[in-house]
Amino acid sequence: MANEITDKLREMAGHRGLKLVASRRRKPGGDFGKYGLKDGDDAPVFGIDKDALTASADEIEDYLRGATSNAWSKSAGSLKAQPRPKPAPAPKPRPKPRFKPRVENLLRKLPAAKRMEAFTDLLKRPGIRIERIVSRGQATPEAEPMEQDWDEWVLLLEGAAGIRVEDSAVVELAPGDHLLIEKGRKHWVAWTAKDRATVWLAVHLG
């Protein structure tokens, strides 16, 4: 029976690349019936203390089975999926704006302009003035042409109108139409829509 146990342990150790050492000394107080394990270079691995064998057959078997379990765990661990990289940190929130632009609309809250045209300055800077003109049925008298000492760029934003520049016929303007009236050139507003407001954007240059 002892030989069968020893043979079994020796086979298990061989599978682990180890050598089983079994005591054969029978002197009282000796290590008879004890076992130990060495590696391929005869270095003690388990159950050997100063050349004396200290491990029982069950301890050797438990050790060998534990070595098998550890080896399997390490192998299985190598197959685990690699941890995902940490996500990039969220960007820092933008600071709250300290300035709020003032937005206005040229086509809202229009003056009635029923008796006469309404002129509203929007911007004044050296060499430039921008104004909004609201008309409703007005026209320039033939004997009172408009004439300026600066260039004027005119854009019709809403409504409809006819305009005549010196030595030209009347041209009809629709929303989006614009023209340049040069310095010193006489011009007339021939007509503007009576059923709705006509809104102009005039840019005076100079």
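A residue counts as buried when its relative accessible area is under 20%. That cut-off matters throughout this predicted model. Apply it to strand β13, residues 198-205. Seven of its eight residues are buried, so the strand is mostly covered.

Which strands pair with β13? One is strand β7, residues 128-135. β7 and β13 run antiparallel and share eight bridges. To find the pairing on screen, start at Ile128, which stands opposite Leu205 in β13. The other is strand β8, residues 151-158. β8 also pairs with β13 in the antiparallel sense, here over seven bridges. Glu152 marks this pairing, with His204 of β13 as its bridge partner.

Now move to an open sheet of three strands. Its order is β10-β9-β12, and the pairing is antiparallel. β10 (171-173) and β12 are the edge strands, and each pairs on one side only. Neighbouring strands in this sheet are turned by 30° against each other on average, direction ignored. Strands of a sheet pair through backbone hydrogen bonds.

Look next at β9, residues 161-165. Is β9 enclosed or open to the outside? Five of its five residues are buried, so β9 is largely enclosed by the rest of the structure. Its residues point in two directions. Ala161, Ile163 and Val165 go one way, while Gly162 and Arg164 go the other. All of them are buried, Arg164 included.

Follow β9 to each partner in turn. With β10 it pairs in the antiparallel sense over three bridges. Ala161 has Leu173 of β10 as its bridge partner. Gly162 stands opposite Glu172, also in β10. β9 and β10 form a hairpin with five residues between the strands. Asp167 takes a positive phi in this hairpin, near 70°. With β12, β9 makes an antiparallel pairing over five bridges. There, Arg164 has Trp188 as its bridge partner.

β12 covers residues 187-192, and Thr192 lies in it. Is Thr192 buried or exposed? Its relative accessibility is 4%, so Thr192 counts as buried. What does its side chain reach? The side chain of Thr192 reaches the backbone nitrogen of Gly137 at 2.9 Å. It also reaches the backbone nitrogen of Gln138, at 2.8 Å. Both distances fall within the 3.5 Å limit for a polar contact between N or O atoms.

Thr192 has further neighbours. Leaving aside residues up to four places away in sequence, it touches Ser135, Arg136, Gly137, Gln138, Ala160, Ala161, Thr198 and Trp200. Several of these link back to strands already visited. Ser135 falls within the residue range of β7, 128-135. Ala161 belongs to β9. Thr198 and Trp200 fall within the range of β13, 198-205.

Finish with another sheet. Three strands form an open sheet in the order β1-β2-β3, with antiparallel pairing. β1 (19-22) and β3 (44-46) stand at the edges. Each has a single partner strand, so one side of each is left without a neighbour in the sheet. The twist averages 40° from one strand to the next. β1 pairs with strand β2, residues 35-38, over four bridges in the antiparallel sense. Leu20 is a good place to look: it stands opposite Leu37 in β2.

How values were computed: Residues are numbered from 1 along each chain as its sequence is written. This is a predicted model: local features need pLDDT of at least 70, side-chain atom pairs count only at pLDDT 80 or more; totals for chains, interfaces and linings use all residues. Side-chain values use heavy atoms; hydrogens and water are left out. Helices (H or I, at least four residues) and strands (E, at least two) are DSSP runs, numbered from the N terminus. Buried means under 20% relative accessible area, exposed over 50%, partly exposed in between (1.4 Å probe, protein chains only). A polar contact is a pair of N or O atoms within 3.5 Å; within protein, one must be able to donate a hydrogen and the other to accept it, and residues adjacent in sequence count only if both atoms are side-chain atoms. Contact means heavy atoms within 4.5 Å. Two strands pair if DSSP finds at least two bridges between them. Axes are lines fitted to C-alpha atoms, for helices over the stretch in contact, and angles run from 0 to 180 degrees between N-to-C directions.
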